[in-house]
Amino acid sequence: MLNEKNDKPVLVMIEGNLLHHQWLMDKDAIIIGRDDVCDVVIPERKISRKHVRIYRQHSDFYIEDLNSSNGTWLNGKKLDGTSALFDGDEINVSGEASLRFFGPDTTITLPSPVPTHIGGRLRLDREARRVFIGDTEIDPPLSLPQYRLLELLYINGGNVCTRDAVIETVWPDVVGDGVSEQAIDALVRRLRDRLTEYDTESQYIHTVRGHGFRFVNSAEE
């Protein structure tokens with residue numbers, strides 16, 4: 001845990017796939033949604049492309065639902081339009097993710113973030129979406145689906161990620177049975193091929209038959 005005094009508002013994910021991730025509100029308005037252009041991107045299918053907005057007026061903060069499909073809850077009450085936002089408020093987005101709002105000039109206890117380097121040769125710069133094996137950056141960069149898959153497996157630290165979780169993370173706009181088993185397997189194969197270009201000795205992505213996939217980070221030399 002980390003005690004830190006912030007001079008700008010901070011959002012901390014307290015429930016969801018990006019658990020413990022933190023976002024600094026360093027401008028007067030931010031958008032939360034699943035679209036890559038949002039300031040806070042939560043790749044969940046039930047979350048609207050542009051779901052909710054947080055903005056400042058003078059010294060006060062407000063939250064506004066952007067006509068989302070599945071709604072926003074503020075401290076357990078469904079948000080209808082716009083409401084004032086205060087230090088410690090809990091924001092639930094579409095029932096898929098919860099965030100805690102910490103106002104400026106508040107000393108907060110932040111959960112330790114997922115480390116950039118997790119005990120192995122492969123590491124992610126998650127802010128810049130860059131991937132390194134050892135000291136070498138993968139170039140050209142991974143495609144967006146490849147990166148989303150790798151990040152999902154990476155942050156789950158060796159735990160099995162189901163095929164449904166892969167679909168929701170990699171293809172958040174697809175509903176129902178829109179992604180075939182063959183499409184998932186092809187994506188996994190392409191990602192493995194890209195990683196093998198930089199490390200021929202390691203198998204980072206393991207298939208767990210009947211369950212899904214898990215990530216095994218090769219030990220540092």
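Phe215 is buried, because its relative accessibility is 6% and the cut-off for buried is under 20%. The model is predicted. Phe215 belongs to strand β19, which covers residues 212-215. Its C-alpha atom sits 4.8 Å from that of Ile205, although 10 residues separate the two along the chain. Leaving aside residues up to four places away in sequence, Phe215 touches Leu122, Leu150, Leu153, Tyr154, Gly158 and Tyr204.

Strand β19 also takes part in the packing of helix α2. This helix spans residues 163-170, and its buried residues are Val166, Ile167, Thr169 and Val170. What do the buried residues of α2 pack against? The partners are α1, β17 (161-162), α3 (181-196) and β19. In an α-helix there are 3.6 residues a turn, so residues three or four places apart point the same way. Val166 and Val170 are both on the buried list of α2, and so is Ile167.

Now widen the view. The protein has 3 helices and 19 strands. It has 221 residues, and 43% of them count as buried. Take the contacts with a separation of 6 or more: 48% of them join residues 24 or more positions apart. The exposed surface comes to about 11700 Å². Carbon and sulfur atoms supply 44% of that area.

Next, the empty space. Rolling a probe the size of a water molecule over the atoms shows where such space is left. The largest pocket holds about 580 Å³. It is lined by 26 residues, and those closest to its centre are Leu18, His21, Trp23, Val41 and Arg129. Three elements give two or more residues to this lining: β3 (22-24), β5 (40-41) and α1 (144-155). Which element gives the largest share of the lining? That is α1, with 5 residues. By residue class, the lining of the largest pocket divides into 12 nonpolar, 9 charged and 5 polar residues.

Then the cysteines. Cys38 is buried, because its relative accessible area of 7% falls under 20%. Cys161 counts as buried too, at 4% relative accessibility. A disulfide is a covalent bond between the sulfur atoms of two cysteines. How many disulfides does the count give? The count comes to 0.

The backbone deserves a last look. Most residues other than glycine have a negative phi, and most peptide bonds are trans. Three places in this model depart from that pattern.

One is a peptide bond. From Asp139 to Pro140 the bond is cis, with omega near 5°. Pro140 lies in the loop between β16 (136-137) and α1. Helix α1 is the element that gives 5 residues to the lining of the largest pocket.

Another is His58. Its phi is near 60°, a positive value in a residue other than glycine. His58 sits in the loop that runs between β6 (52-57) and β7 (60-65). Is His58 buried or exposed? His58 is exposed, because its relative accessible area of 77% is over 50%.

Asn67 also has a positive phi, near 55°, and is likewise a residue other than glycine. Asn67 is found in the loop between β7 and β8 (72-74). With a relative accessible area of 76%, Asn67 is exposed. Strand β7 thus borders both loops: the loop of His58 and the loop of Asn67.

Note on methods:
Residues are numbered from 1 along each chain as its sequence is written. This is a predicted model: local features need pLDDT of at least 70, side-chain atom pairs count only at pLDDT 80 or more; totals for chains, interfaces and linings use all residues. Side-chain values use heavy atoms; hydrogens and water are left out. On a 1 Å grid over the protein atoms alone, a cavity is a set of points where a 1.4 Å probe fits but cannot get out, and a pocket is an open set with protein on both sides within 12 Å along at least five of seven lines; lining residues have an atom within 4 Å of a point. Grid points are joined across faces, edges and corners, and a volume is the space filled by probe spheres set on the points. Helices (H or I, at least four residues) and strands (E, at least two) are DSSP runs, numbered from the N terminus. Ala, Val, Leu, Ile, Met, Phe, Trp, Tyr, Cys and Pro count as nonpolar, Asp, Glu, Lys and Arg as charged, and the others, Gly among them, as polar. A disulfide is a pair of cysteine sulfur atoms within 2.5 Å. Buried means under 20% relative accessible area, exposed over 50%, partly exposed in between (1.4 Å probe, protein chains only). Contact means heavy atoms within 4.5 Å. Accessible areas come from the Shrake-Rupley method with a 1.4 Å probe; for residues, only the protein chains shown count as cover.
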